[in-house]
Amino acid sequence: MKLSEFKFDLPQSLIALHPSDRGESRLMVVNRATGEIEHKMFPDLINYFGDGDVMAINDTKVFPARLYGQKEKTGAKIEVFLLRELNREMRLWDVLVDPARKIRVGNKLYFGDSDLVAEVIDNTTSRGRTIRFLYDGDNDEFMKLVDQLGETPLPPEIISRRKVESADRERFQTIFAEHIGAVAAPTAGLHFTKAMMKRLEIKGINFAPVTLHVGLGTFRTVDVEDLTKHKTDSENYRIPQSSADIVNAALDGKKRVCAIGTTSLKAIESSVSASGHLKAVEGWTDKFVFPPYDFKIANAMLSNFQLPESILLMSACAFGGFDLVMKAYEMAIKEKYKFFTYGDAMLII
């Protein structure tokens with residue numbers, strides 16, 4: 001498929017700048033078999049699942065990856081966005097910097113009241129750098145300092161229109177977040193409340209936690225018309241044996257396996273055995289899911305409404321069928337559903 005096929009006009013007013021109360025967003029339900037589209041509220045999700053069904057949830061935890069600091073000597077203000085840790089012992093990180101033209105190899109960067117200092121040791125892309133933090137404490141202390149100095153990494157589409165608020169630190173995190181490493185939230189999971197998860201458990205629905213540390217590659221713009229030529233960034237992921245067992249029991253019992261978000265979908269479709277079962281794994285995946293795609297594990301999916309030409313939209317179209325999902329998006333715009341990170345949800349069954 002071509003990139004241009006995923007283009008549509010999205011009014012800026014439909015990009016949610018703030019979230020609704022957790023668990024109170026709207027829910028569109030799209031049935032692949034019948035083509036039926038229903039308009040519900042998020043708590044209605046429970047009505048589409050039964051005893052023995054499984055939800056694969058991404059338990060990655062977002063850390064405040066956006067740091068603001070100064071360059072040595074000039075004191076020029078700079079922004080450093082932590083992408084991923086390259087070497088824990090040496091405190092090496094892949095980062096994006098802004099303004100990039102002013103940040104060169106050998107520069108020292110200061111954060112807070114010089115609480116944290118970093119040195120630029122390599123150029124990777126036009127905005128990409130490798131930096132080394134000059135810090136002697138252990139990793140827990142280092143991450144605690146990053147947590148104090150960093151800002152919640154809301155996407156540019158939101159922070160270009162409003163400032164990051166203290167409430168974002170809690171709201172840009174799922175209630176089941178456990179393993180630190182993401183620079184963006186797995187947004188479909190943001191809708192769940194503890195009460196809702198308890199209700200699902202009482203009904204017999206099982207949760208299978210997987211971890212995929214969401215990187216900026218998930219949101220990177222596609223700049224080639226031929227999608228087969230697009231390369232996504234690798235993201236670290238882990239599927240524990242216990243979660244693989246839960247999913248495989250559901251598959252064998254012909255139950256529903258619902259991927260909660262495109263990141264969970266990517267994780268479980270990245271580790272499939274020859275018999276079509278989920279395998280336990282720890283590693284990296286650069287899987288790019290776009291139509292047509294033969295799904296082996298998931299047979300239901302929850303997603304937010306995504307931006308035009310995004311790889312998240314492509315994943316949703318691969319799962320629900322291009323024509324049906326684009327028709328649903330057209331209806332979502334007409335019905336004024338909210339889009340993107342803090343927006344409403346779509347369930348594809």
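What share of the 349 residues in the protein chain is buried? I looked this up first: buried residues make up 54% of them. I take buried as under 20% relative accessible area, exposed as over 50% and partly exposed as in between, with a 1.4 Å probe and protein chains only.

**Basis.** I am working with a predicted model, in which local features need pLDDT of at least 70, side-chain atom pairs count only at pLDDT 80 or more, and totals for chains, interfaces and linings use all residues. Residues are numbered from 1 along each chain as its sequence is written, and side-chain values use heavy atoms, with hydrogens and water left out.

**Whole chain.** I listed eight helices and 17 strands in the protein chain; helices (H or I, at least four residues) and strands (E, at least two) are DSSP runs, numbered from the N terminus. I then checked the radius of gyration, which is taken over C-alpha atoms; the globule rule is 2.2 Å times the number of residues to the power 0.38. The protein chain has 21 Å, which agrees with the value near 20 Å for a compact globule of 349 residues. The C-alpha trace spans about 65 × 45 × 40 Å along its principal axes. I noted an accessible surface of about 15700 Å², 48% of which belongs to carbon and sulfur atoms; the areas come from the Shrake-Rupley method with a 1.4 Å probe, and for residues only the protein chains shown count as cover. Contacts (heavy atoms within 4.5 Å) came next. Of those with a separation of 6 or more, 71% are between residues 24 or more positions apart.

**Cores.** I looked for nonpolar cores, each a set of buried Ala, Val, Leu, Ile, Met, Phe, Trp, Tyr and Cys residues joined through side-chain atoms within 4.5 Å. The largest has 67 residues, and M28, M314 and F339 touch the most other members. Another core, of 25 residues, lies apart from it and includes I78, V80, A100 and A118. I followed M28 further: leaving out residues up to four places away in sequence, its contacts include F305, M331, Y337 and L347.

**Helices α6 and α7.** I found that 10 of the 10 residues of α7 (residues 311-320) are buried, M314 among them. Cover for the buried residues of α7 includes α6 (262-269), β16 (300-304), α8 (322-334) and β17 (345-348). I checked α6 as well, and eight of its eight residues are buried, including K266 and E269. After α7 comes G321, with a positive phi near 95°.

**L227.** I located L227 in the loop between β12 and β13 (235-239). L227 is buried, with a relative accessible area of 0%. Residues up to four places away aside, L227 touches M1, K2, L3, F6, V222, F288, F290 and M314. I also took the C-alpha separation of L227 and I311, which is 9.7 Å although they are 84 residues apart along the chain.

**Helix α4.** Which residues of α4 (residues 194-202) are buried? I found M196, M197 and L200. Seen down the axis of α4, they fall within an arc of 100°, so they line one face of the helix; the arc is that of the directions from the helix axis to the C-beta atoms. The face turned away from the buried side carries the exposed residues K194, A195 and I202. β3 (54-58) and β12 (206-212) are among the cover of the buried residues. G204, just after α4, takes a positive phi of about 100°.

**Strands β6, β7 and β10.** I counted pairing as at least two bridges found by DSSP between two strands. β6 (residues 77-87) and β7 run antiparallel and are joined by seven bridges, with L92 in β7 as the bridge partner of N87. The two form a hairpin with four residues between them, and R91 in the turn has a positive phi of about 60°. β7 also pairs with β10 (residues 128-133) in the antiparallel sense, over five bridges; here the partner of V95 is R129 in β10. Six of the seven residues of β7 (residues 92-98) are buried, so β7 is largely enclosed by the rest of the structure.

**T130.** I placed T130 in strand β10 and found it buried, with a relative accessible area of 8%. Neighbours within four places aside, the contacts of T130 include L86, W93, D94 and I121.
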